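User: I would like to go through a few structural labels and see how each one is justified. Could you set each value against its definition?

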Amino acid sequence: MVIFRKKRCEELVKTSPQYARLTQDGYSHHLSPSLSEERILQANNRKFNSLFEYPDNSIKTSKYTLLNFLPMNLFEQFQRLANAYFLILLVLQLIPQISSLVWYTTVIPLIVVLSVTGVKNVMDDVKRHQSDKQVNNRSVLILVNGRAEEVKWMNVQVGDILKLENNHPVTADMLLLSSSEPYGLTYIETADLDGETNLKVKQAISITSDMEDNLELLSAFNGEIRCEPPNNKLDKFSGTLSYLGDTYFLDHERLLLRGCIIRNTDWCYGLVVYTGSDTKLMQNSGHSTFKRTHIDHLMNVLVVWIFLLLGAMCFLLSIGHGIWEAKKGYFFQAFLPWQHFIASSATSSVLIFWSYFIVLNTVVPISLYVSVEIIRLGNSCYINWDRQMFYAPRNTPAQARTTTLNEELGQVKYVFSDKTGTLTENVMVFSKCSINGKTYGYAYDANGQCVPVTPDDKVDFSYNQLADPKFSFYDKTLVEAVKSDDHLVYLFFLCLSLCHTVMTEEKVEGQLVYQAQSPDEGALVTATRNFGFVFRSRTCETITVIEMGKPRVYQLLAILDFSNERKRMSVIVRTPEDRLMLFCKGADTIIYELLHPSCASLSEVTMDHLDDFASEGLRTLMVAYRELDKSFFQTWIKKHSKACLTLEDRERNLAHVYDEIERDLMLLGATAIEDKLQSGVPETIVTLSEAKIKMWVLTGDKQETAVNVAYACRIFKDEMDGVFTVEGTDRETVLQELRTAREKMKPESLLESDPINIYLARKPQMPFRILDEVPNGSYGLVINGYSLAYALEGNMELELLRTACMCKGVICCRMTPLQKAQVVDLVKRYKKVVTLAIGDGANDISMIKAAHIGVGISGHEGVQAMLNSDFSFGQFRYLQRLLLVHGRWSYNRMCKFLSYFFYKNFAFTLVHFWYAFFNGFSAQTVYDTWFITCYNLVYTSLPVLGLSLFEKDVNETWSLCYPELYEPGQHNLYFNKKEFLKCLAHGIYSSFVLFFVPMGTIFNSERCDGKDLSDFQSFSLLVQTTLIWVMTMQIALRTTSWTVINHTFTWGSLGLYFCVLLLLSSEGLCLMFPNVFQFLGVARNSLSQPQMWLCLVLSTVLCMIPGIGYNFLKPVLWPVNVDKVLNRIHFCLKHPPPPPVHTKVKHPSLRRSAYAFSHKQGFGALITSGKTLNSSSAFKLTRGLFKK
C-alpha cells in the first residue's frame, strides 16, 4: 500500500466498511439470517443479565463429586460384565438351599476389586479437581462502582467489565472496549486455541476505545449487546452493540477469547460476553469419557460366552442329577434322605442347577481383575521409571497418568498429532542461502568436499555489537563476502532487512527485540542483523537500518503486501542516494516468472540450489529487486492510489496494479530456513511407519507450513506418486476432489461392483467397519478446515475416510479443536482400530479425549494437554519407545497372562464336571475347601504375575530395530476369540487328563503295606497336586525371559504348595480344628507312594505335549511375519552383521515453496497507517505488533 500522510490513513481506515458505524435499521443486513436465537446482555447490569440464567465462569473437567462418586463409579465398574456376574453370584450364595460355598468367598474379593479400582479413579479425578480449582481461583480485576476490585475467575459474570494486564490470560470471552495502545489495538497470543505462537491483533470500536482507562466512563457504560448463542467456531462471531442510540456491528476481530494471553499491551478493558462452559475454548474441549481397552471389551464378550458355557454345563448336570435322583436317589432315601423342601427329583434338579452354578464359578475367578490391575500398575511404573524417556532440559519424566490403557499402547494403528510444539519446536533458524549462484551454509574440508559442521566452524560475530548472541552460522565465507563489499551480497541482505513487517522493541539501549508476524520473518531479519544489516526501527514513513555500523534511513514509499494468491511481498523505498528500489521476496515458482530475461542462467543455477535446500526439508524463498524509473513510479503511484480508494473489487484492482510494477526483476538469490523440528522426529515417524502405524497431522496452522513440516518429518516423501489437496469451498467441489483422488489411487473403488460399495449399498446398521483398501501406489492427502467441514457431513464422511485411509500420510490444516476430535472419532467409528492422539496445547485437548489413548507433551504451550492426557512426556521422539517397547511388552504380557489364566482356571474348574458323573451329580467338589480358596490367591498368583511383569520376548534394542514386531498387536493376534477357544480346548483336555489319570491310578489300588488307597481324600490330594505341578510346568514353558524373580515366584510357589499341604494335614492343626481341617495325615501317606509320583509325571507329560507340539509346528506350518523376524533376530545374535555403510542419496525435489513470511493477509496497511506507533512521537519505538 502506498504511504499516505498519517491523517489521511486514519480517515481511510475509519471510513472502511469494517469499521463503519451501523444504524439500527441497517443491523438486519449484517446479521446472519440463519440465527435462530440470540444472546442479550447489558454492561454493568448484573440484575438484568441474571434474568437469562447464564452460567458462571467456573469450569469443570473433573468427573466426580462427593455425592455422585459412589453411584457413578459403581455404574462404570459394573459395566464390566464380570463384576456384574460376581454380584449375581454373591446373591445366589446368600440362598442357603443352593449355596455350596460360603458367601464371603465372593464378597471379600469383590469389595477389594471395586475398592482398588475406585481409589485409583479417585486419585485421577483429584488431580483434575486440583487443576480446576487452580484455574477457577485465579484473580482478575473487575470494575465495581467506579473502582477496580480483585475477584476470582469463577465469580465473574456475563456483563462485567474486566481489566486485563500484559502477559495475563483472558478470563472469559470478552468484547474489547479499550486498551493502552493507540486506536484500541490489543495484541494476543492464541497458542492454546490454534497452536500458533505468532501474535495476532484485535481492535476495539472507536466509540469504546475513546474511553481508554477512565474508570468513571467505563463504569457508566451501559451498552447492550445482541449476539449469536454460544458455539465452537473460533473464527466466527456476529453481533451488535447498542449505545447512545446508535448500533455498531461486531465481529470476531473485536472478541478476546478465553485461552488467549495478552502480549505487548500494558492493559485493556473488556466486556464479558460468554462465561465458563459457554466460552469457545470450553465448547471445543470435548467431554471426559471412561476409557476402556479393546481387551476389556473382548473380555466382556468372553464373559458372556463363559456364562453361556457355564449355564449349559449346569443345565446338563442338573438334568443328569434329575435322572439319577429319579432312578436311584428316590430309592435310597433311607440312606440319603431328601430335604424337607424337595418334593420331587425335578425340584432337586432345579436347586442343583444353582449349586453347580456356584461350584463352577471359578471359570472366571474374580482374582482375574485384581491381577489385571496389578499388571497394569506394574507396567505403568516401568513407564514412569524409564530414564530414556526423561527430558533433562525441562526436568520432565514420562508419566503414565492412567493405569488402564497400557496394553492398548501395543495395538495402535493411527496416530493423530498436532504440529506446532509437538513435531516442531516452532523455532526457525536461518540455515543456508544462495547469492548470485553461490551457496553458503555448508562446511568444506581442505579438498573442497562437503563435511558435517562442527562447533569449530561457528562464525564469530563479536565484531558486530548489535548481533544476536543466540544466532549461529557455520560458514565463514559468507561473512567474508559481506565484508568484501560485493554489491549483490549487499543488495541481498539489504532486501532482507527492508522487505518485511517486523517490529522492533528496545527497552534497554542496544538490546533489540524483534517481534515478527511469523517466526520465519524473525529468523530472516535476525540473520541480516548478525551479518551487519541491523533493522533498527521503523515508522509509517521510514525504515532505519544500520549497515556495517553506519545508520541509514530509507523512505518507505509502499508495501505491496502478501496474500495467499500473490505468494510474495514487496517494498518500495527511496534510498539516501535518492534511488527508487523495489525489493521482493516470495515463492520461487512465482518469482521465477517475474524475472528479467537476463537472469535466465542465474535462475537455473539458483533453482538447482533450491532443489538441494528443499530436499533437506528447508523452507525456501527467492529474493529479487528492481530499480525503478522515477517517472514510471509517479505514474504507477497514481494508479495505486486510485485502486486503494475503489470500493468494488478493490483487491483485484490492487493485484493488477501490483503486477505492473513487480516485473523484470533482477534475481539476487534464495534463502533456506530450517523449521526446527524436535530432535528425532523424522526418525520416529519413519520407525512408526515401518510398524504399519499411520500418521495424521491435525493442526490449526497454515497449509503451506504444515505441508513443509510433513516433508521434513518424512510423513510426505518426494518419491510419492502424488499428494492430493482438497480445498473446495462447497460440498460438490469437495466431493469431486475426494473422488478424483480415490479414482487415481484405486479406480475400481468407484465402481458399483466394488465390495465396499456393495456393502454400503445395503445400508448396514451402525456400528459397522470399513475394511482397509490397498492403493496402487504411495500417496498423501492435504485438506483444510473449511473443506473438512463439508467432508464431515452426512455420507461425505465415508468418502473422506476411504480416501484418507488409502494415503500414507494425511495433513489436516486450519482445523478447530472440535474438528480434530471429529476426525479422530470418524476413524474410531468406522475402522475399529486403536487410535492415539498427541499434542501439547489446550487446542489439542478435545482430540486427546476423543482418541483411545491421549498423549500430552509438556511443552511451551502450557500443561493443559498434559493434565487431560493418559500418558505424558517431554518430546515427540519418546512416542516410539512408548509404543514399540512399553506398549508392545504390555500387550504381549497381558495376552500371555489372559491365555494362561483362562487355561489354568478351565483346567481347574472342569475337573468338577467330570467328577459329577461319579458322585450322582450332587455338586460335591473334588478339591479340599482350602485348596479352592488358595488356588488363585496363593498357589498360582505369583508365577503368573512374574510372567506378566517381567516377560520380554526380545529386549528393547531389538524392539526398536525391528518395528515389524509391533504388527501382531495391531491385529490382536495374541489374544482374541480364536485364541480363547484354543485355551478352552486345551483346558478341557487338561481337565480330562487331570481327572481320569489320577482316577485310574487310585481306582482299586493298594499301598505297599496292602492298605486301600482308593479313598476320596487321597484322590483329591493327588488331583490337586498334579494340577499345581502341571500349571507350574505350563508357566515355565511360556516364559522366555527368566529372571531371579521369575525363578523365585515359579519354583517358590510350587514349594509353598507342598509346605502348606503338609501344614494343613498335620496332626496338630487337624486335631485342634477338626471341623475345618479334615485331611489328617493324607499328604504324608499319599506322597510316600511311588504310584502317586508316577501318576504326577504321566499327567504332566500328557498335559504338556499339546503346548510343546503347537509351539514347534506353528512357525513351520502357519508362519506369520513376526516369526520370520524373530528367526532373523536369533540369527543375528549368533552371527552379528557388519556395521552398515551409510550413503546419502540425493532425490530431486518435486516441491518447493516460499514460507518465510505470513501465510495470511499481511499487516502492511496497519504499518503504513501509523497505528502501531504511539501518537506522542512518530519515531518512538512500538511496544510491538508481533511476537518474536
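Analyst: The turns below take up a helix pair and then a group of strands.

Analyst: This is a predicted model, in which local features need pLDDT of at least 70 and side-chain atom pairs count only at pLDDT 80 or more, while totals for chains, interfaces and linings use all residues. Residues are numbered from 1 along each chain as its sequence is written, and side-chain values use heavy atoms, with hydrogens and water left out.

User: What makes helix 10 and helix 11 a contact, and which residues make it?

Analyst: The axes of helix 10 (residues 294-327) and helix 11 (residues 345-359) come within 8 Å and cross at roughly 145°, on a scale from 0 to 180 degrees between N-to-C directions. Contact means heavy atoms within 4.5 Å, and the residues that make it include Phe307, Leu310 and Phe315 of helix 10 and Ile352, Phe353 and Tyr356 of helix 11.

User: Why is strand 25 called largely enclosed?

Analyst: Buried means under 20% relative accessible area, with a 1.4 Å probe and protein chains only; six of the seven residues of strand 25 (residues 568-574) are buried, so strand 25 is largely enclosed by the rest of the structure.

User: How do you know that strand 25 pairs with strand 24 and with strand 26?

Analyst: Two strands pair if DSSP finds at least two bridges between them. Five bridges join strand 24 (residues 550-560) to strand 25, and seven join strand 25 to strand 26 (residues 580-586), so both meet the definition of pairing. Strand 25 runs antiparallel to strand 24 and also to strand 26; Val571 is the bridge partner of Ile559, and Gly586 that of Arg568.

Note on methods
Helix = DSSP H or I, 4+ residues; strand = E, 2+ residues; numbered from the N terminus. Buried < 20%, exposed > 50% of the residue type's maximum accessible area, 1.4 Å probe, protein only.
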